[in-house]
Amino acid sequence: MFGSLGDIFRLPDLKRRIFFTLGILFIFRLGAYIPSPGVDRAAMASLFSTGGGVMDFLNLFSGGALSRFGIFSLGVAPYINSSIVMQLLVVIFPALEKIQKDSTDGHKKIVQWTRYGAVLFALVQAIGMTAWLRGLGIMQGGAFEWLLVVITLVAGSMAVMWLGEELTDHGIGNGISLLIFAGIVARIPEAILQTWSMVRLGSLSVIALLIGLVLMVIVVAGCILLQEGQRRLPVQYAKRVVGNKIYGGQSTFIPLKVNQSGVIPIIFASSLLIFPYTIANYFSDSSIGRFISGLFAPNSFFYILCYVALIIFFSYFYTAVVFNPTDIANNMKKYGGFILGIRPGNPTSDYITRVMERITLGGAVFLAIIALIPNVMSSVLNINSFYFGGTAVLIVVGVAMDTINQIEAQLLMRHYDGILKKSGGSRKGLLRG
C-alpha cells in the first residue's frame, strides 16, 4: 500500500490534482474561522453549546462555520438546493431536457441557471438566519449592519460554490461532496474531546460509549457494503467473423450497483429539509413560524418521515438521471451481446430496468436505516450522533471511497498498481471482465 501511495507522486498530473485539492480544502477551512461582522461570538457559542439536535445538524454541513458565524456559514446548502430544483425542472419540462442534451452550450446554460438559483437560495437563507439571530439578541446594530451580514453570507456561499466547482474540474473527486467531507472530518478531534469529557463527568457511561462505538463500526461496515454491493447480470457476446478474424464469443457481466447514487440522496435530503427550517426562523415571532420549526426539527416524527421518503425518492431520481438502461441495451445489441434468456432490444432494456428498480429499493431502504442511526444514538445513548452516527459516517465513508477509487483508476490507467490491494486471481479476473 505504501508503495502505491508513492506511485501517486510519480505521476505529475495526479500529484498536481492532489495538491490542488488540499489547497482548496485549506481555503475552505480557513473561511470557517473568519467571522462575519456584528455578531456576539460568546452568545453564538453559548447558543450552539445548548442548541441540541437542530443546531448540530445545521452546523454539520457548514463544517463548524455556523457556530462561529463565519463567512462560510451557509456552506454548500444553497448550491445543493438549487441543483435539486434544477434537476427536477429538467425532468419535468422537456424543453429544459432538450437544452441540457442539445450541446455543450446547453449544459453550460443549465449550470449557469443553477448558479443563479444558488444566489437566490443563499439570499433567502441569509435573510432568515440574520432575522433569527436578531430575534435572539445575538446580532446587534441597525439596517446597515443587517445588510452587511446578509451580503457577507451570500458572498461566502458563492465563494464555496466556486471552490466546489474548481475542485471538481481540477482536483480529485466531487468538489461539493469533498467540502462537506472536509467539514465533518475537521470536527472529529473536537467530538472525541467532547465525548471524553462527557465520560469523565459521568454524563455518558462507559457502557453507552462502547455500544456507540460498536454501532459506529457496524455503520462503517454497512456503508462499505452498500457502496461496493452490486448485482452482476451475465452477458454473452455472439461470435462474428470479420475477414479472417473471429470476434466475440466471450462472457462478461453488467455490474448494477445497489447504491448507484452514493451519498447524494443523504446530502440532497438533508439540505432540502434544512431550507424550510431556515425560512421558519424568519417568522419565529409568529405561531406559524414556531409550528414549522418544531415540525422540521431533526428528531421530530414528521422530519424523520420526510427524511426517509426523500432518501428513497432521491435514490430513484438520481439513479434515473445517471443510469440509462436503453443505451446499455442498444450498445449490447450493436455489438452482438445479449443477456441469457432475454431478447435483445426493448426486452433487454425493460429487464435491466426491473432489476435496477428492485435493487435500488433495497439500497435506498438500507441507506435510510443507516441515516436514522444518529437519532437512535442521540435519543437512547445520549451520544453526539452527528459525529458518530449514520449521516456523517455515510458521507465520510462514501466520499473517501469515491475519491480513492478515482485515484486508483488514475493509477491503473497508467499501468501502476492500485491503492486497494486484492488477491491476484480476483484482480486478474476483474481486469479481464
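# Helices, cores and side-chain pairs in a predicted model

Val91 is found in helix α6, and this residue joins Ile92, Phe93, Val321 and Val322 in a nonpolar patch on the surface, whose accessible area together is about 450 Å². The elements that contribute two or more residues to the nonpolar patch are α6 (77–92) and α15 (301–322). The structure described here is a predicted model, and the values below are computed from it.

## The protein as a whole

The protein has 20 helices and five strands. Of its 433 residues, 46% are buried, and its accessible surface comes to about 21800 Å², of which 66% belongs to carbon and sulfur atoms. Where contacts in the protein join residues at least 6 apart in sequence, 71% of them are between residues at least 24 apart. One case in which residues far apart along the chain come together in space is given by Leu411 and Leu14, which are 397 residues apart along the chain while their C-alpha atoms are separated by 8.6 Å. Leu411 belongs to helix α19 (residues 390–413), and because its relative accessibility is 0%, Leu411 counts as buried.

## The nonpolar cores

In soluble globular proteins, nonpolar side chains tend to be buried together. Which residues touch the most other members of the largest nonpolar core? They are Phe69, Ile80, Ile180, Ile266, Tyr307 and Ile311, in a core of 71 residues. Helix α9 (residues 143–170) supplies the largest share of this core, with nine residues. A second, separate core has twelve residues, including Leu233, Ile254, Phe323 and Tyr351.

Ile80 shows what the surroundings of one such core member look like: leaving aside its neighbours within four places in sequence, Ile80 is in contact with Ile176, Ile180, Ile267, Phe268 and Ser271.

## Two buried serines

Ser82 and Ser315 can be described in a similar way. Ser82 is placed in helix α6, and it counts as buried because its relative accessibility is 3%. If residues up to four places away in sequence are not counted, Ser82 touches Trp113, Thr114, Gly117, Ala118 and Phe121. Ser315, for its part, lies in helix α15 and is buried, because its relative accessible area is 2%, which is under the 20% limit. With residues up to four places away in sequence again left out, Ser315 touches Ser261, Pro265, Thr360, Ala364 and Leu367.

## One salt bridge

How many salt bridges does the structure contain? The count comes to one salt bridge, in which the side chains of Arg115 and Glu165 meet at 3.0 Å, taken from N to O. This pair links distant parts of the chain, since Arg115 is in helix α8 (residues 104–136) and Glu165 is in helix α9, 50 residues apart. As for their exposure, Arg115 counts as partly exposed because its relative accessibility is 26%, whereas Glu165, at 15% relative accessibility, counts as buried.

## Aromatic pairs

A search of the whole structure finds five aromatic pairs, and two of these pairs are set out in the table.

| Ring pair | Distance between centres | Angle between planes | Arrangement |
|---|---|---|---|
| Phe28 and Phe72 | 6.1 Å | 15° | stacked |
| Phe313 and Phe314 | 5.2 Å | 65° | edge-to-face |

Why is the pair of Phe28 and Phe72 stacked? The planes of its rings lie at 15° to each other, and planes under 30 degrees apart count as stacked. This pair links distant parts of the chain, with Phe28 in helix α2 (residues 12–31) and Phe72 in the loop between α5 (65–68) and α6, 44 residues apart. Both Phe28 and Phe72 are buried.

The pair of Phe313 and Phe314 is edge-to-face because its planes lie at 65°, and angles over 60 degrees count in this way. Is Phe313 buried or partly exposed? With a relative accessible area of 39%, Phe313 is partly exposed, whereas Phe314 is buried, with a relative accessible area of 2%. Ring pairs also bring in Phe317, so that Phe313, Phe314 and Phe317 are linked into a cluster by pairs whose ring centres lie within 6.5 Å.

Key. Residues are numbered from 1 along each chain as its sequence is written. This is a predicted model: local features need pLDDT of at least 70, side-chain atom pairs count only at pLDDT 80 or more; totals for chains, interfaces and linings use all residues. Side-chain values use heavy atoms; hydrogens and water are left out. Patches are made of residues with over 30% relative accessible area and no salt bridge: like charges are joined within 9 Å, nonpolar side chains (Val, Leu, Ile, Met, Phe, Trp, Tyr) within 5 Å. Accessible areas come from the Shrake-Rupley method with a 1.4 Å probe; for residues, only the protein chains shown count as cover. A salt bridge is a side-chain nitrogen of Lys or Arg within 4 Å of a carboxyl oxygen of Asp or Glu. Helices (H or I, at least four residues) and strands (E, at least two) are DSSP runs, numbered from the N terminus. Buried means under 20% relative accessible area, exposed over 50%, partly exposed in between (1.4 Å probe, protein chains only). Contact means heavy atoms within 4.5 Å. A nonpolar core is a set of buried Ala, Val, Leu, Ile, Met, Phe, Trp, Tyr and Cys residues joined through side-chain atoms within 4.5 Å. Rings of Phe, Tyr and Trp (its six-membered ring) pair if their centres lie within 6.5 Å; planes under 30 degrees apart count as stacked, over 60 as edge-to-face and the rest as tilted.
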